Amino acid sequence: MRLKVAEHTSVHLAEGRVVLDDYLRHRQFELTAPLARLCWEFRSFAETDEVLAELDVEEREVVWPVLRRLLDAGVLVAEGTPEHRAEQRLLAAWRNGGPAARHYHYATRTFRDTPYADADDQDRALAATAAADPPPPPLTRRREEGTAGVPLPPVSDQWADGPDAPDAHGLPAAPGVAGGGARWGERSLRDVLLARRTTRRFHSRPVEAARLGDLLAVLAGPVPGRPGPDQDGNLFKASPSAGARHPIEVYLHVVSVVGLEPGWYHYDAADHVLEPLGPPWSAGEVVEASGGQEWVGEAAVQLCHVATLERIWWKYDTARAYRMVQVDMGHLSQTAYLVATAMELGVAFTAALRDESLESVLGLDRDREIVLGLTALGWPADGGTGGLRS
Ligand SMILES: Cc1cc2nc3c(=O)[nH]c(=O)nc-3n(C[C@H](O)[C@H](O)[C@H](O)COP(=O)(O)O)c2cc1C
């Protein structure tokens, strides 16, 4: 019988132990030195009798039952069996994603009998967590206590509640659009959905701070009337978020916005101000950080979306929560697309980024704050939605 170690396994270290992880079936085995030697022998298909023949009689008596158990557990596969064919199908399907993608996918794939706590149990568990360890702040502040941020125009009546919100009438129209200037919140949802496209050519005209401010408030601030946070640190925003954790913070690179100094900022949604982080990049640096995409460097503003993982880990201690962070990004990006479209701005999302460059310019802790994507914003140039690239 020819056997090999199944390729839906990996080896990791955990507190001084070496663990052989069958991530397909969510089973872990401690890899002792003799077992590690055995796995080495079966790193590709090997004839069992030949491997056993190398051992003395006593060793053989120990090793044979181990092989049997590993075979029954599916950690070893026998050549030509249905298990072998299933493994080959799995490897072929995940060829492009490689071992890292298939590992993460299967390790976080749930089974028919995966336990889920009911809502009451979850609430009780969360209350206990909150009592022992208060939730992290739901909004980040990057500036020193007592220092002021760079003010943005007050959020307009298209988003804020109350009589003090300035009227959003009178915003200039998009270049080349007759009339324009309509109140962005009053455009029909259907029209906005149908008009939404990815813009990859931007006009050099600056964007007004009022438009940018409203967009930032919609993306990162609580919805009017529900300022929160509740006892679990939950806020309610325009985009849905797994567990209402809203891990995504919005940073921005201002290139051309009326009344704002170009540079890198963090948006403080609590005070609706910008927190300066550093001088602007050249267009070339922006392009370099976005995988060489020239059009990203033409935008008036680049929003950089960064997830603060501690908000997620406070509530969820499962690897699957990391999937939710990516799903949150999709929802937030769509909100950016729709609001920008309603404002007549051109908008595009890209995840083709050089994370390390952005982590460095934003001063992020790469183990806790992860770059997810970038939204480019600006007035669309004629034909700005062309150049389809999927
Ligand atoms: C997760 C994600 C990543 C994307 N990354 C890029 C990108 O790196 N470059 C790009 O030109 N467009 C990117 N896009 C935009 C898509 O190419 C675009 O949505 C698609 O071509 C459909 O066009 P539409 O948005 O106009 O409907 C991305 C979109 C999403 C949702």
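Here are some notes on this predicted model, for someone opening it cold.

1. Start with how far to trust it. The average pLDDT of the protein is 93, and 96% of the residues score at least 70. Strand E9 (residues 248-254) has the highest confidence, at 99, while helix H3 (residues 57-73) has the lowest, at a mean of 91.

2. Go carefully with residues 386-390. Over that stretch pLDDT stays under 50. The model gives residues 386-390 five contacts beyond four places in sequence.

3. Next, the layout. The domain assignment splits out domain 1 (2-107) and domain 2 (150-378). Taken over C-alpha atoms, the centres of domain 1 and domain 2 are separated by 46 Å.

4. Which aromatic pair is worth a look? Try Tyr104 and Tyr322, which pair edge-to-face. Their rings sit 5.8 Å apart centre to centre, with 80 degrees between the planes. Tyr104 belongs to helix H5 (residues 98-107) and Tyr322 to helix H11, so this pair ties together parts that are 218 residues apart in sequence. In total, the structure holds three aromatic pairs.

5. Now for the largest pocket. Its volume is about 720 Å³, and 27 residues line it. If you want to find the middle, go to Pro115, Tyr116, Tyr316, Asp317 and Thr318, which lie nearest the centre of the pocket.

6. Where does that lining come from? Helix H6 (119-132), helix H10 (309-315) and helix H11 (321-342) each supply at least two residues of the lining of the largest pocket. H6 gives the largest share, with five residues. Helix H11 turns up here as well as in the pair, where it carries Tyr322.

7. As for the chemistry of the largest pocket, its lining has 14 nonpolar residues, seven polar and six charged.

8. There are enclosed spaces too: the count comes to four cavities of 30 Å³ or more. The largest cavity has a volume of about 70 Å³. Its lining includes Leu219, Lys237, Ser239, His246, Ile248, Asp328 and Leu332. By class, the residues lining the largest cavity divide into five nonpolar, three polar and two charged. Two of the names tie back to elements above: Ile248 is in the range of strand E9 (residues 248-254), and Asp328 is in the range of helix H11 (321-342).

9. What lines the second largest cavity? Trp264, Trp281, Val286, Ala289, Ser290, Gln302, Leu353, Leu358 and Leu374 do. That lining has seven nonpolar residues, two polar and no charged. The space in the second largest cavity is about 40 Å³.

10. If you have little time, look at three places: the largest pocket around Tyr116 and Tyr316, the edge-to-face pair of Tyr104 and Tyr322, and residues 386-390, where pLDDT stays under 50.

Key: Residues are numbered from 1 along each chain as its sequence is written. This is a predicted model: local features need pLDDT of at least 70, side-chain atom pairs count only at pLDDT 80 or more; totals for chains, interfaces and linings use all residues. Side-chain values use heavy atoms; hydrogens and water are left out. On a 1 Å grid over the protein atoms alone, a cavity is a set of points where a 1.4 Å probe fits but cannot get out, and a pocket is an open set with protein on both sides within 12 Å along at least five of seven lines; lining residues have an atom within 4 Å of a point. Grid points are joined across faces, edges and corners, and a volume is the space filled by probe spheres set on the points. Helices (H or I, at least four residues) and strands (E, at least two) are DSSP runs, numbered from the N terminus. Ala, Val, Leu, Ile, Met, Phe, Trp, Tyr, Cys and Pro count as nonpolar, Asp, Glu, Lys and Arg as charged, and the others, Gly among them, as polar. pLDDT is the predictor's confidence in each residue, from 0 to 100. Contact means heavy atoms within 4.5 Å. Domain bounds come from an automatic or database domain assignment. Rings of Phe, Tyr and Trp (its six-membered ring) pair if their centres lie within 6.5 Å; planes under 30 degrees apart count as stacked, over 60 as edge-to-face and the rest as tilted.
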